[in-house]
Amino acid sequence: MVEVSGIRIPVGRLDGTDSRELTALRRALSKKLRIQQSQIVLIERRRRSIDARKHGEVQLIYTVRVSLAPELDEKELVDGLVAKDGAKNVRLVDEKPASYPSPIALPDDGPTIVVGAGCAGLFCALSLARAGLRPLVVERGDNASRRTRVVVRHTRTGELDPESNIQFGVGGAGTFSDGKLQTGTKSPYHRLILQTFVDAGADQRILWEAKPHIGSDVLPEVVTRIVSMIEEAGGELRCRCRLRELEISNGKVSAVVLESHDPTTGIVSEERIPCSRVVLACGHSARDVFEMLHERGVSMERKTFAMGVRIEHLQADVDGQLYGKEAGNPVLGAAPYKLAVHLPSGRSAFSFCMCPGGYVVSAASEPGGVVTNGMSLSDRAGKNANAGLLANVFPTDLPGDDVLAGVELQRACERAAFAAGGGGYVAPAQLVGDFLQGAKSSGPGSVEPTYLRGVAWGDVSSCLPSYVSDTIRAAIPEMAHKLHCYGKRDGVLTGVETRSSSPVRITRGSDYQSVNVAGLWPVGEGAGYAGGIMSAATDGLNAADAILRSLV
């Protein structure tokens, strides 16, 4: 196929329909390639981004691949364009896309246990299953449909299930935080991951949007279909089943002890399964797993993580600054943003998991601790924009030499926020203007907080280490130079956000195995090797490749 990049189409020429968009692309390609429109047989969109630097004419920028009519020699056409015009954005492509492995002969040496059904665990299990390994996936939380009901119940009543919540359950933490699929990493697996999501029911636009997302209302159905793919390939999923013990003999995995809980009857059962391979994709909130591994002597280390608050503004204010007169155009949708500030102190603050048209949600997984996160539905039609506003916590910020000191800091901040909210998972909140002046807040301004468990107005900084609060306080005026709504005094801060990433790393070698326990494969966010859906899924696929290489 011929790939053409840098095609610009003004947003004003589009109406949000595929037919209008493809017509505009065909016209632009005809002019670019100097051929008739009728000679373009197929247009495959590969990337679409927004250029809003000139508010007078917001443009969409495309990379596409096209198949041409048989009478045209594609190589001759491309060579001619390069020779005549020096075209750098037209090239021939003949790539073999990444794919799942075909079934191969494998040794019969016991099951492969995958701990956790977040994106790292699901994609690792899917790859292993299609290779014929028949993995057993154990997930401490519920399947996606029951998990959704449990999360809704917590939001409405404050009743928390420590085993099934926004952190735990099929799909992992990403299921209820918008389903953002953009990533700063590059991998040949990215297209395969996106295509798998589409095959499982996600909108096909994620294949070409520069900042794709699925939506927390759609993701439960999508991950359910991915589970079905694993089962159809020979894998098995057990929900309400958690890893209680990892048995290690002579530096190798020898068995797991699993604990299953029936939420209907309350019956708890235990099973020991001899095995030599365990994929650990437990997620960044599986603190009991970290503690168990530490007790067993599995090599772990502290790592940098981040904490802070959720910040909310009116989405219309964000749209107006970023899109100008095109704000509200359905082709563009709600505007996202990404901010970072590096301060003279040597510390930095940054926005995280920005949710256009979204909501702040309760993401607690332990009794007596408030945790916030952000979520958007597929239409991103909420009144507010929200984002994590975070500052880094470095290993040197933590006391002593306990590898789990970061976990204890997270827990202390979450309990302080629970107390500040007065219980019931009500969250402490403060206006930006009051936060900057060190004053307590008594109520909202024009921005109403969306945290559905309710907020208690006061001082969010009292729930965070001073170096985190001070960094955020110094960063907000700097961020306001880039996005003016950050300078508005009635922006809302809701605390605390502590689970942006894991505070520990389960150290592994280049073969993806633990450096001191053979047969243990730490992957994903919980192991400290990913940050988001795409990087976690990629890490899971890479781990599956490493496992298969070790067996063949």
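This is a short walk through one sheet, one arginine, one helix pair and one alanine in a predicted model.

Let's start with the sheet. It is open and has five strands. How are the strands ordered? Reading across, the order is β7-β6-β5-β11-β23. The pairing is parallel. As a reminder, strands of a sheet pair through backbone hydrogen bonds, and the pairing can be parallel or antiparallel. Which strands sit at the edges here? They are β7, residues 236-239, and β23, residues 520-522. Each of these pairs on one side only. Neighbouring strands in the sheet are turned against each other by 20 degrees on average, ignoring direction.

Now look at the β23 end. Strand β11 covers residues 277-280, and three bridges join it to β23. These two strands run parallel. If you want one pair to click on, take L280: its bridge partner in β23 is P522.

Next, the arginine, R499. Where does it sit? Find the loop between β21, residues 492-497, and β22, residues 504-506. Is R499 buried or exposed? R499 is buried: its relative accessible area is 7%, and the cut-off for buried is under 20%. What does its side chain touch? There is a polar contact with the side chain of S365, at 3.0 Å. Now the wider surroundings, leaving aside neighbours within four places in sequence. R499 is in contact with Q167, H284, S285, R287, S365, V371, Q410 and E414. So S365 appears in that list, and its side chain is the polar partner I just mentioned.

On to the helices. In general, two packed helices are described by the angle between their axes and the distance between the axes. Our pair is α3, residues 119-130, and α5, residues 190-199. Their axes come within 13 Å and cross at roughly 90 degrees. That makes α3 roughly perpendicular to α5. Which residues meet? From α3, we have C119, F123 and L126. From α5, they meet I193, T196 and F197. By class, this contact has five nonpolar residues, one polar and no charged ones.

Last stop, A28. This residue is in helix α1, which spans residues 18-33. A28 is partly exposed, with a relative accessible area of 25%. How far is A28 from G251? In sequence, they are 223 residues apart. In space, it is 62 Å, C-alpha to C-alpha.

Note on methods
Residues numbered from 1 in each chain as written. Predicted model: local features only at pLDDT ≥ 70, side-chain atom pairs only at ≥ 80, totals over all residues. Heavy atoms only, no water. Pairing = 2+ DSSP bridges. Helix = DSSP H or I, 4+ residues; strand = E, 2+ residues; numbered from the N terminus. Axes fitted to C-alpha atoms, helices over the stretch in contact; angles between N-to-C directions. Buried < 20%, exposed > 50% of the residue type's maximum accessible area, 1.4 Å probe, protein only. Polar contact = N/O pair within 3.5 Å; in protein donor to acceptor, adjacent residues only side chain to side chain. Contact = heavy atoms within 4.5 Å. Parallel < 35°, antiparallel > 145°, perpendicular 65-115°, else oblique. Nonpolar A, V, L, I, M, F, W, Y, C, P; charged D, E, K, R; others polar.
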